[in-house]
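Work through the exercises below with the sequence and the model open. Try each task before reading its solution.

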Amino acid sequence: MSKRIPSPVDHSRRGFLRRLCVGAGGVAGTAALAGCEVAEVRQSGEVLASYDFDIADHADLGTVGGMVSIDAGVQPLLLIRVADAEFAALARICTHQACEMLPGSLGKWDKDKKQLTCLCHNSVFDQAGKYLTGPGGVANLASFPVSFDATTGKGSIDLGGTA
Amino acid sequence: MKSLQRLALWVAGGIVGLAIAPSDAAALPRMSLTAGSPCATCHVSPQGAGARNEIGWGSELFTRAFGFADIGLPKLDEQESNTLLGGKVMIGIDLRAQLARLGKPVADPAAKPADAFFSGYTPGTKPDLVYIPMQFQPYLTVLPTEWLSVAGSFNISTLAGSRYPGQSPWDAQVILHGDPMLPQLRLGMIQPTIGIRHDDHTMLVRADAMDPRRPLIPAGYAELGAEAAWHPISWFRVEAGGFTNTNLREASEARAADPVRATADGLAYSGRISLMPQFFDLGLNTWFGASYFGSGELSLINAFAGVGRNEIGSLQVEMSHSTGAGDYTTTAYMALASWTPKEWLVVEARGEMATSQATGIQASTKQMVLGVQFFVLPYLELRPEYRLIHVRNESSATNEYILGQYTLQTHLFF
């Protein structure tokens, strides 16, 4: 069962250098052929400075812990009622594998822990978008400041700022 | 030379230290095509992938650019086997990690369309480059008799939450392989035989254009079930199996459209037929065939063909067509060419495209991958790749994007 398998590989110094050159050349050649990195988008919507909302338009925001999906121009967001007069606006695309954390589908807000979970792979973020746990090496979610007037029920998301 | 040896050791040590978690038991169909041998020649499972038998282990020991002797460790070149206890027990492991950008580019408010490389697009912000632990999977195989194998593995990385919907953290199988003229039987937590078993779970023939990064048949997919394989002559093989559909349902329910839509645990069925004529005068090995996999309202048909020649390379093509609940339809095509200038250096290029539709959803995805499989040292592979993907999905907030990126996979195996 345990017979020695003879080596077909040339162990001479010349063979070593030849393999080194061919191997390095292959890797470098691939990189050269590959061109450069590119990331481009074509989206409907426009770039907005801010996005105004009225909780009367979003029944799910009527109670603390409610979460809705909002397309603020080109920005896909989650708007979450964290407390009576406190809202969080977070990017809706998970930074792990780009799953879209739609409420009632892949996005789950825990109102007690104040944490957002992407149900694709269980990446967890806090209300500021900070990555907490889940698959390793995940970046934070973009987070935007939200102002809210409890008397009118109206608020605004500052899309140019960082919460 | 000493400094080069030290550098190689540092690189290998660093990779061991970094590769800590996972995803799939991999298979390289090109190896079967170029060698003209079934997957079971080198793998414990007749389906291929995962634990390597003594022939597979020995083959990989000498598929390398540099031997252990080249880096001052000649004793390691004298290993004789991956078996223990007189050949009754085999051990193995796969550790993979990938450096890549995950996710989609997002709109950059300051960018202008005129700055884009592709007409009609606007430069976006690239997703972060992250180091992704993919696989940390030890294998154990016990061979109590000549006609019985018991094999299992556990994907340790899934304990840390790094798990795809539908991915099984473990697999285990009992393989009955008596008279070669009779069917083999696999029982346990196993992957149904579907088309070609590739080692890249992002292939669109196992996914759809709506969720190209999260295949419907995920990495490490397995279900409880049984499958019989009959390989009475060298050029003919047929498999048929029945399985639970627990993990398939989980993968399906996590998608933009759920093609299975089974509300309770049910069954999944698979069948594949393959013809593998060899043309010895030309030195060519070929296979072609088709498979069916279905559960609930999902029906997935794969058709595939391949041709390979030892020391030159291979060409594989595969298409899949699936239908499911909610008018779900996906059609995907894949062509993959490999060139083997050296046994330890393989250049691969593949192109893929998929179109999908379901109620209210229309999506198309194209992907091109160019890469190298560089077997640097025994049991160490580096896989640099360039990946270009174009996604258009009417159901997604990021409607359409193009992402081209370099990736690097490190793979330690035994």
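**Exercise 1.** Why does B:Leu85 count as exposed?

*Solution.* This is a predicted model, in which local features need pLDDT of at least 70, side-chain atom pairs count only at pLDDT 80 or more, and totals for chains, interfaces and linings use all residues. Residues are numbered from 1 along each chain as its sequence is written, while chains are lettered from A and ligands numbered from 1 in the order in which they are written.

Step 1: take the cut-offs. A residue is buried if 20 or more other C-beta atoms, placed from the backbone, lie within 10 Å of its own, exposed if 12 or fewer, and partly exposed in between.
Step 2: apply them. B:Leu85 counts as exposed because it has 9 C-beta neighbours inside 10 Å.
Step 3: place the residue. B:Leu85 sits in the chain B loop between strand S1 (83-84) and strand S2 (89-101). Strands (E, at least two residues) and helices (H or I, at least four) are DSSP runs, numbered from the N terminus.
Step 4: check the backbone. B:Leu85 is not a glycine, yet its phi is positive, near 55°.

**Exercise 2.** Describe B:Glu311 in the same steps.

*Solution.* Step 1: B:Glu311 has 10 other C-beta atoms within 10 Å, so it is exposed.
Step 2: its loop in chain B lies between strand S14 (298-309) and strand S15 (313-324).
Step 3: phi of B:Glu311, a non-glycine residue, is positive, near 70°.

**Exercise 3.** How many helices and strands are there in chain A?

*Solution.* Step 1: chain A has 1 helix and 12 strands.
Step 2: read from the N terminus, the order is α-β-β-β-β-β-β-β-β-β-β-β-β.
Step 3: chain A has 163 residues, and 37% of them count as buried.
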